[in-house]
Amino acid sequence: MDIRQRLLAAFDLEHKDHLAAIRNALRDAEATGDAPDLVDIHRRAHSLKGAARAVDLPEVEAISHRLEAAFIAVQKGEIPLDPASVGVVRRSLDAIEDVVAWSLQGGDAVETAGVLADLDALAAGRNGGPVPAPSPAARAASRRPPAQRDRAADADTAALVRIAAQGLERLSETASALLPEVEAQAGLGEQLRVMRREWRALDRAWRHLRVQIGRGVRADAAGGDTLPDALAGRGALPALMAFERRFRALGGALDSAHRSHDRLLWSMRRWGGGLQQDMRRLRMLPAENQLSGLGRMVRDISRAEGKEVEVDVRGLEVEADRTVLQRLKDPILHIARNAISHGIETPAERLALGKRPAARVTIAASVEGARLRLRIEDDGRGLDRAAILRKAAERGLIDAADLSAGAEMPQERLTEFLFHPGFSTAARTTELAGRGMGLAIARREVERLQGNLTIADRAGGGTAVTIEVPLSLLSQRLVFVLVQDQTLAIPSADVVRLRTASAQSLFSGTGTPMTRIGEEEIPVTSLAALLGMGAPVVPTAERGLSLVVVRAGDRRLALAVDRFVATRETVVTAAEETGLDSGRYLGTVLMDDGGPALVLNIPGLMPLPGSTLPAPARPAEEATPARAHILVVDDSITTRTLEKSILEAHGYRVTLCVDGREALERLSEGMEVGLIISDVEMPRMDGFALLQAVKADKRLEEIPVILVTSRASDEDRERGLRLGADAYIVKTRFDQNELLAGIRRLL
C-alpha cells in the first residue's frame, strides 16, 4: 500500500470521528435547547481542513474552511444557529462524508458546488472570506479515482491481482462442492471398517476350520474316516494352504487400504477445509465496501421528498460475503424509501409534534454467530395500525370481526399484510410510494439469500426493520434431524440447543405444553405436525422426547423430532432454484446417498403469537387418520426424493418407482394408490406408455395421473391429455405450488 493510501485510510477514521462529534453536538442542542460547544465544533472543522490538505482532498478542505468560518461567525453572534443554518451545516457534513467515500472507493464524482455556495451565503464572506475555488486542473485531478491519481505502488500493491467476479464465484462453488465429497469419503471409510470386521470374523472361522482339518488329516493318517478321500487323498491340503496364504494377503491389503484411506481422508479434510476457508476469506469484505454509499442515497431521497433526515450508519467494519452485501443494497433502499415516504414526517409536522425537525434513520450492522444482522430504524410516526387494517379489509385479507378486534391483533400478523404484493397504505401514488411493492421485493430478495426480514415498532416511537442473512452462501452449518423417516436440516444459527426430555416433564402453560430450560419457559410442539405430517405417538417413558430449541428474533420454540442425526457444514441450494416455498424452506442439501434433504426456514415456520400450537405427540390409542397414497414415478433420484419429501411434509403417503415398468408391476401386484405423479422421459417405459397402460386397465383407469415434465411443446401436452392425463405440468424447475394445487383438486 503506498503512502497516500495509508494517509487516506487514517483520514477515513479521523473524519468520521469529527463528523460524528459535530452531528451529536447539533442533535443534543436541538433536543435540549442549550447552545452547542461551538469552540469544540470550530476546532474539529479546523482539524478537518488541515487533515484534508495533508491527504490532497481540496474539496473537503474548501468545505471545512467555510464551515470553520461559519462557526466563527456564529460564535461572534453575526449569524444565528437556527434550523436553516443547521440544515446547511448538515448538508456540508454529508458532502464531506460523500467525497471521502468516493476518494477511497471511486464511483461517480460528488458535486460540491451547491454546498459551497450555501456556506458562502451563510458566512457571507466573514472571517477572511472563503477559500478560492480549486482550479479546473486541480478539480479534475482530485476527481480522478485514487488508482489514476497515484500510480506509484510499493511491493504489496504490486502483488495484487484483478480477477473477474464470475471466475471467483465458480472457484468458490468448486471449493464448496468439495466438502460433501470429502465427507462422502468418511462413509467409504466406514465401509472399509465393516469389511475389516467381516474379514476378522472369517479369519476366526477359518482358524477354527483349520484346526478341524488338521485333526481330520491326522485321523486319516491313522486309518480313521474323519475326512473324505477328496480332501485327504487328492491333493486338497496344498490348495487349502494356498488359500490361506491368499486369505492372509487379502487381510494385509485390507488393513493397508484402511490405513491409507484414513490418512488420505485426514489430508483431504485438512486441505479441503483450508481451501474453503481461504475462498471464504477472499469473498469476505467489510460491509463498508458495499454499503458505505447508503447514507448519501437516503439523504438524497429524503431531500427529494422535502424532508430532513440524518443518517447514522454503524457497524460497517463487520465482514460478510461480497455477494450477500451486494444483494442487500436494494432491500435496504426499498426499506429506507418506505420509511421516508410512510414513516417520517415533514420538518413542520415534526416541530408541531415536539420533535426535532430532522428525522433520524439508523442503519446498524452486526454479526451474530454465522449471520449478518442489519437493523434499519427511524424515529418517525411508526406503523399506522388503523390504516393497515382498513387496507387489509379492503383487499379481503381480514373479515369484519378481525377489523373490529384489530387492536388486539398480534403485531407479527399485522405486519405480514405489509409484505403482500400491491399492499400500500399511501393515499396517492408517487415515485417512492403507493405501489405496494417495495417491502414485498425486499423480503423476496432477503429470502433468496436464505434469510428473513421482520418489521416491528421501535421503542420510543418509529419503526424498526431487521434483516438476518447468512454471512456467506458458500456453505452453512446445519443440524440434521429425523422426522417420520425423513431427514430434515435446520440452520445451526437458528438452533439454541438440543435436549432430551420425558413427555411427563412437560407442563401446561395456558393450554400449551411447555418445557423449562434454565429460567426460561419455552412452548413445545411437534415439527412433524407443524409441517402437516401429523404429530407422532407419545414415546415411551424411557425413550423421551428429542427437542430442538430454535429461535426467531426474540421468540423461542422447542420442536419435537424423532431423533438427532448429525451436524455438518454443507452447501445449501436456494429454494428458488428448486421451486420450493421459501416461506417454509431455505432450500435443499445433498445427502451421502445423492438424494436431497429439505432445509427448514425456522422464522417462516414459527407460528404467530397467540396461535394454537399442534401437540408435541398424540396418545398411542388415538387412531391415525388415513392419508392419501401417491405413487411418484421418476428416474431421477434427486427429483423423486425431493417430491417425496415435499408430499410427505403435506401429509401424503408416498411410494417411489424408478420408471414406468416398475410402477406398472407394483400396481399389477395390487398396490392401491389414490394418485400417480409421473415424469415423461424415463428408460424401459416412459410416462406416456405408463399413462396409456393405466387408462387401459379397468382396475386402474379411475386413478388420476399427473404428468410432470420439462417437455413443453403443444404436441406433447396434447398427447398427454389425449391419453387421459388429468393434469400436465410443464416445469423448467420443480414447482411445488402448482403440483400441490393439482393434487388437492384431484384427491
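Select Leu-707 and then Tyr-728, its bridge partner in strand β24; helices and strands here are DSSP runs numbered from the N terminus, with H or I over at least four residues for a helix and E over at least two for a strand. Strand β23 (residues 705–709) and strand β24 (residues 727–730) run parallel and are joined by four bridges, where strands pair if DSSP finds at least two bridges between them. Add helix α25 (residues 714–722), which together with β23 and β24 makes a right-handed β-α-β unit; right-handed means that, with the strands pointing away from the viewer, the path from the first strand over the helix to the second runs clockwise.

This is a predicted model, in which local features need pLDDT of at least 70 and side-chain atom pairs count only at pLDDT 80 or more, while totals for chains, interfaces and linings use all residues. Residues are numbered from 1 along each chain as its sequence is written, and side-chain values use heavy atoms, with hydrogens and water left out.

Go next to Thr-525, in strand β13 (residues 520–526). Thr-525 counts as buried because its relative accessibility is 0%, buried being under 20% relative accessible area, exposed over 50% and partly exposed in between, with a 1.4 Å probe and protein chains only. Show Ala-558 as well: the two residues are 33 apart in sequence, yet their C-alpha atoms are 6.4 Å apart. Not counting residues up to four places away in sequence, Thr-525 also touches others, including Leu-530, Leu-613 and Pro-616, contact meaning heavy atoms within 4.5 Å.

Now select Arg-356, in the loop between α15 (347–352) and β4 (359–368). Arg-356 counts as buried, because its relative accessibility is 13%. Its side chain makes a polar contact of 3.3 Å with the side chain of Glu-310; such a contact is a pair of N or O atoms within 3.5 Å, and within protein one must be able to donate a hydrogen and the other to accept it, residues adjacent in sequence counting only if both atoms are side-chain atoms.

For the largest nonpolar core, of 47 residues, select Leu-328, Ile-332 and Leu-453, which are among the members that touch the most others. A nonpolar core is a set of buried Ala, Val, Leu, Ile, Met, Phe, Trp, Tyr and Cys residues joined through side-chain atoms within 4.5 Å.

Finish at helix α3 (residues 58–75), where 17 of the 18 residues are buried, so the helix is largely enclosed by the rest of the structure. Just after α3, Gly-77 takes a positive phi of about 80°.
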